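Subject: Structure for you to look at

Hello,

Here is the structure I said I would pass on. Please open it first, then read the notes underneath with the model on your screen.

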Amino acid sequence: MTIPYTQPPVIAVDGPSGTGKGTLSLKLAARLGWHFLDSGVLYRLVGMLADRQAVALDDAPSLARLAAQLPLEFRPGREAPEIYLAGECVTSEVRLESTGALASWVAACPEVRGALLQRQRELRRAPGLVADGRDMGTVVFPDAQLKIFLTASPEIRAERRYKQLKGKGFDVNLARLLEDIRERDERDSKRAIAPLQPALDAEILDTNLLGIAEVEDRVMRLAYSRGLV
Ligand code: C5P
């Protein structure tokens with residue numbers, strides 16, 4: 001007999017950047033018809049606003065205020081949702097590597113994480129949620145019905161990011177990207193709060209060898225076997 005879940009299902013997809021988390025999560029959400037949370041966008045927006053408003057990256061109360069009041073809106077886009085901040089389309093700026101670096105600084109601030117927690121949990125709605133981030137399975141949705149943690153070597157991840165950004169017309173340098181990825185990994189995994197690490201009950205998938213379609217298949221099989229779909 002299967003025990004019915006009391007909360008809408010969540011598939012938590014965690015791991016460092018460049019592992020294909022975002023692509024996988026979007027595909028899963030589209031295939032299942034579930035909601036999608038790109039939690040990195042929230043940290044990226046706080047970092048971007050802090051930079052625009054010259055808020056110091058160690059000014060916790062001001063950063064928390066920015067996080068609590070994010071005037072954020074997602075609108076349907078061609079490949080992924082477009083990101084709007086108080087009516088301004090900021091999708092390209094949000095995706096810059098420099099914004100990712102700012103995000104990882106503000107993400108180490110407990111007050112910022114606290115301010116964003118409820119907002120993320122509110123997105124857990126029927127028929128289900130695919131949540132992409134670093135702490136989806138450990139902190140935000142510790143009771144997620146399925147937790148996936150993607151890994152890949154920094155070199156492969158830098159190459160993927162390089163192709164992705166080049167494809168979008170950005171001027172990028174592979175060696176610089178690798179250095180940025182290493183720095184960001186170091187900050188994300190060593191921070192005191194919600195460090196980047198797999199939940200104890202996460203399924204760890206190494207994407208060095210697996211293509212995105214293979215990863216998607218494995219996750220779908222896991223979702224079936226747990227009665228989520
Ligand atoms: O996933 P993305 O590259 O957009 O995340 C940007 C940064 O935001 C990460 O390097 C990380 O520091 C932070 N982040 C986080 N927790 C999440 C999602 C992102 O700390 N759930």
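Helices and strands here are DSSP runs, with at least four residues for a helix and at least two for a strand, and they are numbered from the N terminus. Please keep in mind that this is a predicted model.

Overall build

Counted that way, the protein has ten helices and eight strands. Its radius of gyration is 17 Å, close to the 17 Å that the globule rule gives for 229 residues, so the protein is as compact as a globular protein of that length. Along the principal axes, the C-alpha atoms fill a box of roughly 55 × 35 × 35 Å. Of the 229 residues, 48% count as buried. If you take the contacts with a separation of 6 or more, 74% of them are between residues 24 or more positions apart.

Helix α8 against helix α9

Two packed helices are described by the angle between their axes and the distance between the axes. Take α8 (residues 154–167) and α9 (residues 174–190): their axes come within 9 Å and cross at roughly 125°. An angle between 115 and 145 degrees falls outside the perpendicular and antiparallel ranges, and α8 and α9 are therefore oblique to each other. The crossing in which α8 passes α9 is right-handed. On the α8 side, the contact is made by Pro154, Glu155, Arg157, Ala158, Glu159, Arg161, Tyr162 and Leu165. On the α9 side, Leu174, Leu177, Leu178, Ile181, Arg182 and Asp185 take part. Sorted by class, the residues of this contact are eight nonpolar, no polar and six charged.

One residue of that contact is worth a separate look: Arg161, in helix α8. Is Arg161 buried or exposed? Its relative accessible area is 11%, and the cut-off for buried is under 20%, so Arg161 is buried. Leaving out residues up to four places away in sequence, Arg161 touches Gly18, Arg44, Arg95, Glu97, Leu177 and Ile181. Leu177 and Ile181 are also among the α9 residues in the helix contact above.

Helix α5 against helix α9

Helix α9 also packs with α5, at an angle of about 15° and with the axes 10 Å apart. Angles under 35 degrees count as roughly parallel, and α5 and α9 are therefore roughly parallel to each other. The crossing of α5 and α9 is left-handed. Glu97, Gly100, Ala101, Ser104 and Trp105 of α5 make the contact with Leu177, Asp180, Arg184, Arg187 and Asp188 of α9. These residues divide into three nonpolar, two polar and five charged.

Ser104 is the α5 residue to find next. Its relative accessibility is 4%, so Ser104 counts as buried. Which residues does Ser104 contact, leaving aside its neighbours within four places in sequence? They are Arg184, Arg187 and Asp188, which are listed on the α9 side of the contact with α5. Ser104 and Ala126 are 22 residues apart in sequence, and their C-alpha atoms are 30 Å apart in space.

Helix α3

Helix α3 covers residues 60–68, and its buried residues are Ala60, Ser62, Leu63, Ala64, Leu66 and Ala67. What do these buried residues pack against? The answer is α2 (39–52), α5 (97–106) and α6 (110–121).

Backbone details

Ala126, mentioned above with Ser104, is joined to Pro127 by a cis peptide bond, with omega about 5°. Pro127 is found in the loop between α6 and β6 (129–133).

Two alanines have a positive phi, in each case in a residue other than glycine. For Ala54, phi is near 55°, and the residue lies in the loop between α2 and α3. Ala54 has a relative accessible area of 69%, so Ala54 is exposed. For Ala194, phi is near 40°, and the residue lies in the loop between α9 and β8 (203–206). At 11% relative accessibility, Ala194 counts as buried.

Regards

How values were computed
Residues numbered from 1 in each chain as written. Predicted model: local features only at pLDDT ≥ 70, side-chain atom pairs only at ≥ 80, totals over all residues. Heavy atoms only, no water. Axes fitted to C-alpha atoms, helices over the stretch in contact; angles between N-to-C directions. Parallel < 35°, antiparallel > 145°, perpendicular 65-115°, else oblique. Left-handed = near helix turned anticlockwise from the far one by under 90°. Contact = heavy atoms within 4.5 Å. Nonpolar A, V, L, I, M, F, W, Y, C, P; charged D, E, K, R; others polar. Rg over C-alpha atoms; globule rule 2.2 N^0.38 Å. Buried < 20%, exposed > 50% of the residue type's maximum accessible area, 1.4 Å probe, protein only.
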